[in-house]
Amino acid sequence: MHRIQVQLTAAQEAQLRDMARLRNVSISALIREGIDHLLAPANDDWEAIKAAALAGVGQFNSGLEDVSRNHDAYLADDLYDEMMENRCDLR
């Protein structure tokens, strides 16, 4: 193991001390665990994540058939309606 010096705020030290006491481990062990978590690959199971994302594709239907062509108009209409509602509330 290598030794390194790290400066913590008083609040960070207090929280780590409390957590270490509760888990019955050293502060150093907690810090190593945190570093391991930070350095671990973000996508542990890329295929499972991809499958979950693809499972949602096509599951929802707005009932509108021209959204890809007219999404700006739909968005503008919704924004206009919202602005008018808020404007009325301000009076």
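The side chains of E33 and R23 meet in a salt bridge, with 2.7 Å from N to O. E33 belongs to helix α2 and R23 to helix α1, so the pair ties together parts that are 10 residues apart in sequence. The model is a predicted one, and its pLDDT averages 84 over the protein, with 92% of the residues scoring at least 70. A search of the whole structure finds 3 salt bridges, and the points below take these up together with the helices, the loop after α1, a nonpolar surface patch and some long separations along the chain.

**Confidence in the model**

- Among the elements of the protein, the highest mean pLDDT, 95, belongs to helix α1 (residues 10-23), whereas the lowest, 76, belongs to helix α4 (residues 67-90).
- Where pLDDT is low, the predicted coordinates should not be read in detail.

**The salt bridge between α1 and α2**

- On the α2 side of the pair, E33 is partly exposed, because its relative accessible area of 38% falls between the limits of 20% for buried and 50% for exposed.
- On the α1 side, R23 likewise counts as partly exposed, at 42% relative accessibility.

**Salt bridges within helix α1**

- Side chains of opposite charge can pair when their charged atoms come close.
- R17 forms a salt bridge with E13, in which the closest N and O atoms are 2.6 Å apart.
- R17 and E13 are both residues of helix α1 and stand 4 residues apart, which is about one turn of the helix.
- Both partners are partly exposed, R17 with a relative accessible area of 40% and E13 with one of 36%.
- D18 forms a salt bridge with R21, where the closest N and O atoms are 3.2 Å apart, and a polar contact of 3.2 Å is also found between the side chains of these two residues.
- D18 and R21 also both lie in helix α1, here 3 residues apart, again about one turn of the helix.
- An α-helix has 3.6 residues a turn, so residues three or four places apart point the same way.
- D18 is partly exposed, with a relative accessible area of 40%, while R21 is exposed, because its relative accessible area is 58% and the exposed class begins over 50%.

**Span of helix α1 and the residue that follows**

- The 14 residues of α1 should span 20 Å at 1.5 Å a residue, and the end C-alpha atoms of the helix are 20 Å apart, so the expected and modelled spans agree.
- Just after α1, N24 takes a positive phi of about 60 degrees, although N24 is not a glycine.
- N24 is placed in the loop between α1 and α2, where it is exposed, with a relative accessible area of 71%.

**A nonpolar patch at the surface**

- I4, V6, L8, I31, I35, L38 and L39 together make a nonpolar surface patch of about 730 Å².
- One of these residues, I35, lies in helix α2 (residues 27-39).
- I35 is partly exposed, with a relative accessible area of 43%, and it therefore passes the patch requirement of over 30% relative accessible area.

**Separations along the chain and in space**

- L8, which is a member of the nonpolar patch, and R21 are 13 residues apart in sequence, and their C-alpha atoms are 18 Å apart in space.
- V6, which also contributes to the patch, is 41 residues from E47 along the chain, and the C-alpha atoms of the two are separated by 37 Å.
- E47 lies in helix α3 (residues 46-55) and counts as exposed, at 52% relative accessibility.
- I49 has its place in helix α3 too, but this residue counts as partly exposed, at 40% relative accessibility.
- I49 and Q7 are 42 residues apart in sequence, with 37 Å between them in space, C-alpha to C-alpha.

How values were computed: Residues are numbered from 1 along each chain as its sequence is written. This is a predicted model: local features need pLDDT of at least 70, side-chain atom pairs count only at pLDDT 80 or more; totals for chains, interfaces and linings use all residues. Side-chain values use heavy atoms; hydrogens and water are left out. Patches are made of residues with over 30% relative accessible area and no salt bridge: like charges are joined within 9 Å, nonpolar side chains (Val, Leu, Ile, Met, Phe, Trp, Tyr) within 5 Å. Accessible areas come from the Shrake-Rupley method with a 1.4 Å probe; for residues, only the protein chains shown count as cover. A salt bridge is a side-chain nitrogen of Lys or Arg within 4 Å of a carboxyl oxygen of Asp or Glu. Helices (H or I, at least four residues) and strands (E, at least two) are DSSP runs, numbered from the N terminus. Buried means under 20% relative accessible area, exposed over 50%, partly exposed in between (1.4 Å probe, protein chains only). pLDDT is the predictor's confidence in each residue, from 0 to 100. A polar contact is a pair of N or O atoms within 3.5 Å; within protein, one must be able to donate a hydrogen and the other to accept it, and residues adjacent in sequence count only if both atoms are side-chain atoms. The expected span of a helix is 1.5 Å times one less than its number of residues.
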